[in-house]
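I opened the notebook to record what I looked up in this structure, entry by entry.

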Amino acid sequence: KVDYLKFRIMTQKILFFLLILVAFVACKDDDENGFDVPVEFRKISFDPVPGGAVMRYKLPDNMNIFGVRARYKDAYGRQLVKEGTYLTDTLLLNGFAEARTNEPVQLTFLNNNLKESAPLEKTFSTQDAATVALFEHLTVNPFWGGFNVTYTSPAIVEGTVHIFYVGINPTTKQEDNILVGSFPILEGGDTLNFELKQALDELKVVVRTDDFEGNQVKMQIYEGIDALAMEMLSPDQFTFSFPPALQIEDEPHEIGVKYLFDGKKKGANYRKNYQRGDNYKFGTFVAGPNAFGERFVIDFGTPKIPAMLRGDAFLYHGRDYPYANPNYPDPTKDMFVCTLWTAVYTSRLASKIKVYGTNAENPSTAPLSECTLLYSLNDDPGWTNFYRNAWCRFSDYQQGPNDRSSAFKDKDDKTFEAADPISLDMKCNYLGKAFRYVFFIIEDTYMSHRWSNNYPYGYEDNANEYITFDELEVFVKMENK
C-alpha cells in the first residue's frame, strides 16, 4: 500500500511537470509565431502603379490591432520595410523600375504593444516606373541650333532625366558625352529645348534616367538627328499686315510700321532723338488700341519653314514717359504720348503671345483650330513676376530691377552699341512643314507697380490694349540645310 501511494504521488508529479512543459512550449511557440489575425483582417489587395504597387487593407474597429507591416525586396535587392496604421487603408510599395509580376511580400499585423502577428505571404505586380515609361513616348527632334527632347510620363513620377550629346570635350579635345542638362521628370511629360555651341551636321543624343537615390535606371541613344540652321529674311522678302484700325502712323512722334523693320534695335532711334532734345520722338512701332487678340501676319509669298520671330524692346534709357488721365486732358502735356504709354513703356510688351503657321487662303480669318501653333509664351503679366522673371524686365522702366546708374541716357555711344539687345526669341516648333503665312497674336502685356497687384482686378496700365516691338526679325530654315 505504501508502494502504491508512492507510485501515485510520482505519477502526479510527472503529470504536473508535463503540463508545465506543454504550457512553456505553447508560450514559446506563441512568442515565435505571434498572435493570430482574424480572417476578415486578411482581405488585402494590390493595385499595380508606376514603380510599385498600392496595397489596400482594412482594419475593422478593433482596439487590439494597431497597424500592418510589409517586408519585401526592391529592384536592387534591398530589404525594405513599410508600415501602415489604422488611420489609413493604403500603403505604397515602391522601389521598382521595370514592370514586374508576382513579387513576394511578407505581411504582419501589429497590436497595441507593437507585437507582430504570424506572417502572411502575398505577391504583387508593378508597372514601369516613370524612369522607364518615359522612353516609350520619348522623341529627340531637330531644333534650331540644337535639338529638343519631348516625352510623356505617368501620373506617379520620381527620378531625374539627364540629356547628353556626343561632341568634342573642350578640356580633353576628345569625343565625349557632354551633359547639357539634368531635370526632374515631370508628371504628364515635358519638352526640353537645347542650343549647342558646337556646330555639328548631325547629332547623337544620349538620354539617361536615374531614380532619386542615384541609381541609374535606363539609358538610350538616339542617332541621326539633323542639326537645323536658320537664316534671317530681309524685309523685302516678306510682307507684314494687320488690321488698319490698329495702325498708328504719326511721323511727328516717329511712330509707324517702317520703324519695325529699319534695323535699329535697343531704342537707338529714341536715344538719338532725345539726345538732341526731341524727347517725344520714339522711332518705334506701336499698334492699338484694342490690339489684343488681333493677327499680325507675315506673308512669305511662297511656303517656307518658319524658324523664329525675334521681337526687340528698348534698353533701359532711364527717361520718364508722361502720364495724364485721358478723361481729363492736361494742356501742358502731350496727350498723344500720354495715351500711347500711360507712363510705362514696358506695359506695352507682350506677356502672352502665340505664333501660328497656315497655308489657308486668308490667314486673317482662318480658324485657329485649323492653323498650326508654332510658339507660345504664357507668362504671368503681374508686377511681381515682371520684376523677377519677365523677358523684358530690364527694359525701359524706372521702377524695374535696373540699377539707375546703368541708364543708357548717361552712356556713350560705344557702350550703347556694345550692349546686348533685349529680345523675345519666339523659336518655332520644328515640324518639317512649310507655311506661306505665319502670324502672331498678343493676348496680354505686363503690368507695373502703379496699380493693384490683384490682376486682373482694379486698374491696369494698358487698359486700351496697345502693343509694341522696337524691331521684328523674321527667320526661316536655311534652304541648303
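The entries below go from the whole chain to single strands, rings and loops.

**Entry 1. The chain as a whole**

I noted at the start that this is a predicted model. I looked up the secondary structure and found 6 helices and 25 strands in the protein chain. Of the 481 residues in the chain, 45% are buried. I then checked the accessible surface, which comes to about 25400 Å², with 51% of it belonging to carbon and sulfur atoms. For contacts with a separation of 6 or more, I found that 72% are between residues 24 or more positions apart.

**Entry 2. Nonpolar cores**

Which residues touch the most other members of the largest nonpolar core? I got F240, F296, I298, I353, W391 and F440, out of 63 residues in that core. Strand β23 (residues 435-445) gives the most to this core, namely 4 residues. A second core, separate from this one, has 21 residues, including A130, L138, V149 and V207. As background, nonpolar side chains in soluble globular proteins tend to be buried together.

I took I298 as a case to follow up. Leaving out residues up to four places away in sequence, I298 touches F238, T239, F240, L309, R436, Y437, V438, L472 and V474.

**Entry 3. Aromatic pairs**

I counted the ring pairs and got 35 aromatic pairs. The pair of F240 and F285 is edge-to-face, because the ring centres are 6.3 Å apart and the planes stand at 75°, where over 60 degrees is the cut-off for that class. I located F240 in strand β16 (residues 239-241) and F285 in strand β17 (residues 285-287), with their positions 45 residues apart in sequence, so the pair links distant parts of the chain.

Are these two residues buried or exposed? Buried means under 20% relative accessible area. F240 has 16%, so F240 counts as buried. F285 has 1%, so F285 is buried too.

I also looked at Y356 and F439, which form a stacked pair with 5.3 Å from centre to centre and 20° between the planes. Y356 lies in strand β20 (residues 350-358) and F439 in strand β23, so this pair ties together parts 83 residues apart in sequence. Y356 is buried at 9% relative accessible area, and F439 is buried at 0%.

Ring pairs also join F238, F240, F242, F261, F285, F296, F440 and F469 into a cluster. One charge over a ring went into the notes as well: K266 lies over the face of F416, 5.1 Å from the ring centre.

**Entry 4. Strand β20 and its partners**

Having met β20 through Y356, I checked its cover. The strand is mostly covered, with 8 of its 9 residues buried. Which strands pair with β20? One is β23, in the antiparallel sense over 8 bridges. There V355 stands opposite F440 of β23. Another is strand β21 (residues 372-378), also antiparallel, over 6 bridges. On that side, K354 has S376 of β21 as its bridge partner.

**Entry 5. Helix α3**

I asked how many residues of helix α3 (residues 268-275) are buried. The count is 6 of 8, and the helix is mostly covered. The buried ones are A268, N269, Y270, R271, N273 and Y274. What covers them includes α6 (413-418). After α3 comes G277, which has a positive phi near 100°.

**Entry 6. The β8 and β9 hairpin**

Strand β8 (residues 139-143) and strand β9 (residues 146-151) pair in the antiparallel sense over 5 bridges. F143 has G146 in β9 as its bridge partner. The hairpin has 2 residues between the strands, and G145 takes a positive phi near 75° there.

**Entry 7. G189**

Where does G189 sit? I found G189 in the loop between β11 (175-184) and β12 (190-195). I checked its distance to L138, a member of the second core: the two are 51 residues apart in sequence and 9.3 Å apart in space, C-alpha to C-alpha. Leaving aside neighbours within four places in sequence, G189 is in contact with Y151, T152 and S153.

Note on methods
Residues numbered from 1 in each chain as written. Predicted model: local features only at pLDDT ≥ 70, side-chain atom pairs only at ≥ 80, totals over all residues. Heavy atoms only, no water. Core = buried A, V, L, I, M, F, W, Y, C linked by side-chain atoms within 4.5 Å. Buried < 20%, exposed > 50% of the residue type's maximum accessible area, 1.4 Å probe, protein only. Contact = heavy atoms within 4.5 Å. Pairing = 2+ DSSP bridges. Areas by Shrake-Rupley, 256 points an atom, 1.4 Å probe, with all protein chains shown as cover. Phe/Tyr/Trp six-rings, centres within 6.5 Å; stacked < 30°, edge-to-face > 60°. Lys NZ or Arg CZ within 6 Å of the ring centre and 35° of its normal.
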